Amino acid sequence: MKSDKIKKGIERAGARSLLYATGISKEDMGKPFIAVATSRTDIIPGHIHMDRLERFIERGIAMAGGVPFFFGIPGICDGIAMGHGGMKYSLGSRELIADMVETIVKAHCFDGLVCLTNCDKITPGMIMAMGRLNIPSIVVTAGPMISGNYKGRRLSLVKDTFEAVGKFKKGDISQEEMSNLEMCACPGAGACQGLYTANSMACVTEAMGLSVPGCATALAVSAKKDRIAQETGEKVVNLVRRNILPRTIMRKEAFENAIKIDMALGGSTNTVLHLLAIAREFEVDLKIDEFDKISRMTPHITNILPGGEHFMEDLEYAGGIPAIMKRMKNMLNDVMTCSGKLISQIANDAQVLDENVIRDIKNPYHAEGGIAVLKGNLAPYGAVVKQTAVSSKMLNFTGKARVFDSEETCMNAIMAGKIKKGDCVVIRYEGPKGGPGMREMLSPTAAIVGMGLADDVALITDGRFSGGTQGPCIGHISPEAQVGGIIAIVEEGDEIMIDIPKRKLELKVSDAEIAARMAKWHAPEIKEKEGYLARYAKFVSSASEGAILKV
């Protein structure tokens, strides 16, 4: 066992003494040492209940004959960090989390790893570390939040708070109703109720075979989630004894399955960033164009918030990811998962319990998958859009550019009523380097929707969007403005053409004019001069490569 390095040999007397100081016995010294990386925190609703799940993971590890050791990993709540400078830290925290898990596990020579996670950047950060470490590992995602309720209507975070801001500003709802929505939209523990990034990544994780069947959609408040946590603890010890490694599971075929299921669900555009980054750590060759290729061949068979009407709880009650696998069995690669089951076995054992929530692939909500990758002179390396959350009216759109060099200036214009029908809002210098940190733009997109402009205004950015965004919102424009992407020289009133079916994003300005503007352009100074963000800006790569750190 890897842990023999700290347990065996006369020269390890000091290490053994320190281990005994933690309360373990001589008998425990002969058992596998299992690290449990837990992101339990008081500030993220998706993580506040993890102490209970920790108990069940611990129980499972001990029952299977392992010794559990817990250590903490921090997290950021994107909803709380949204709309101000705090969001600059969100994507960058993914790299810190990967580094921290790698550091603690390698320093203490653990035999196996359980990652207890839930929210946006924490899940991919932990999985990136699993790829680096390549020791037997499983993920427990802590589950979706149940829907809120107000006056008999089900509520969700984005639609009933972020989008309600625009409705309040427009005068459609009162201050009292706004306050009641704030109180009722999020009733307790769990990841926000739709296919936003947290739940999208949970589904992707299960689809890749890194969590046990049913984990992604099992509700945060359910006893089922407790049982899954215990099962995970047992299984990781079994993986250690059989020496089944993450890189054995996470081959290219597993990534393809993840993308297919993500497209069928209509998940967050952030999954593109995260899967590209994860693939690099697992030494799998994955390119952004593969997302679009798979999306064109994959029917969209669920209709979950923000683009649809259903909640994550509906997907859970309809059969969860195993039921999606059943629908897509003939489209998926039949590979092994951490549970010890093949994808085909999981699919065969599953049931589709609601034909409307999980449709047959011959009767999809949309013929193509959730995400499209657009290219053109504005985005030669690519840009992404959640096409299943765009109305048919806005799949083709040409508008006049309204240009903003930060999210805040754009939000001020929206709230002042300065954005009108036919505008194409451009938010730049918010990319990985330019932000730095590639902030999510949920506040402006939600305000536009709340004001009733979702079918009349487009928004493009070198930043990114929350999984809660809907409408013609195109992010991850690469190259970004900070490094001289064409988005840097867009001017007020320029025509911008969006053609999602043909995957085009074009600035309708002549090549000669573009060249003349670029000749006059100079890169601005990086906004952050000290601390982590300054270091992050120095080393971060393009969004088209997953916004990874290159050193």
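1. A definition helps at the start: a residue counts as buried when its relative accessible area is under 20%, and as exposed when that value is over 50%. Please keep in mind that this is a predicted model. With that cut-off, Asn270 is a clear case, because its relative accessible area is 0% and the residue is therefore buried.

2. Where does Asn270 sit? Asn270 belongs to helix α13, which covers residues 270–281. Setting aside neighbours within four places in sequence, the residues in contact with Asn270 are Thr197, Glu440, Arg464, Phe465, Ser466, Gly467 and His476. Three of these names, Phe465, Ser466 and Gly467, will come back when we reach the largest cavity.

3. Next, strand β12, residues 473–478. Six of its six residues are buried, so the strand is largely enclosed by the rest of the structure. One of its partners is strand β8 (residues 382–386), which runs antiparallel to β12 and is joined to it by two bridges. Within that pairing, Val384 stands opposite Gly475 in β12.

4. Strand β11 (residues 458–461) also pairs with β12, again through two bridges, but here the strands run parallel. In this case Leu459 stands opposite Cys473 of β12. As a general reminder while you look at these strands, side chains in a regular strand alternate between the two faces of the sheet.

5. Helix α14 (residues 288–297) is a good place to look at how a helix presents its sides. Its buried residues are Ile288, Phe291, Asp292, Ile294 and Ser295. They cover an arc of only 165° around the axis, which means that they lie on the same side of α14. Lys293 and Met297 are exposed on the other side of α14. The general background is that an α-helix has 3.6 residues a turn, so residues three or four places apart point the same way.

6. What covers the buried residues of α14? The cover includes α12 (252–265), α13, β7 (371–374) and β8. Two of these have already appeared above: α13 is the helix that holds Asn270, and β8 is joined to β12.

7. Helix α21 (residues 531–539) has Tyr532, Leu533, Ala534, Tyr536 and Ala537 as its buried residues. These pack against α5 (88–108).

8. How many disulfides does the structure hold? The count is zero. Two cysteines show why. The closest cysteine sulfur to that of Cys115 belongs to Cys338 and is 11 Å away, too far for a bond, given that a disulfide needs the sulfur atoms within 2.5 Å. For Cys203 the closest cysteine sulfur is in Cys215, at 10 Å, which is likewise too far for a bond. Cys115 is buried at 0% relative accessible area, and Cys203 is buried too, at 0% relative accessibility.

9. Now for the spaces. The largest pocket holds about 310 Å³. It is lined by 24 residues, and those nearest its centre are Cys77, Asp78, Gly79, Leu157 and Cys192. Helices α4 (78–81), α7 (157–170) and α9 (197–208) each supply at least two residues of this lining.

10. A search of the whole structure also finds three cavities of 30 Å³ or more. The largest cavity contains about 70 Å³ of space. Its lining consists of Ser268, Thr269, Lys386, Ala389, Phe465, Ser466, Gly467, Thr469, Gln470, Gly471 and Cys473. You may recognise Cys473 from the pairing of β11 with β12, where it stands opposite Leu459, and Phe465, Ser466 and Gly467 from the contacts of Asn270.

Definitions and conventions:
Residues numbered from 1 in each chain as written. Predicted model: local features only at pLDDT ≥ 70, side-chain atom pairs only at ≥ 80, totals over all residues. Heavy atoms only, no water. Helix = DSSP H or I, 4+ residues; strand = E, 2+ residues; numbered from the N terminus. Buried < 20%, exposed > 50% of the residue type's maximum accessible area, 1.4 Å probe, protein only. Contact = heavy atoms within 4.5 Å. Pairing = 2+ DSSP bridges. Arc of directions from axis to C-beta. 1 Å grid on protein atoms, 1.4 Å probe; cavity = no way out; pocket = protein on both sides within 12 Å on 5 of 7 lines; lining within 4 Å. Points joined across faces, edges and corners; volume = space filled by probe spheres on them.
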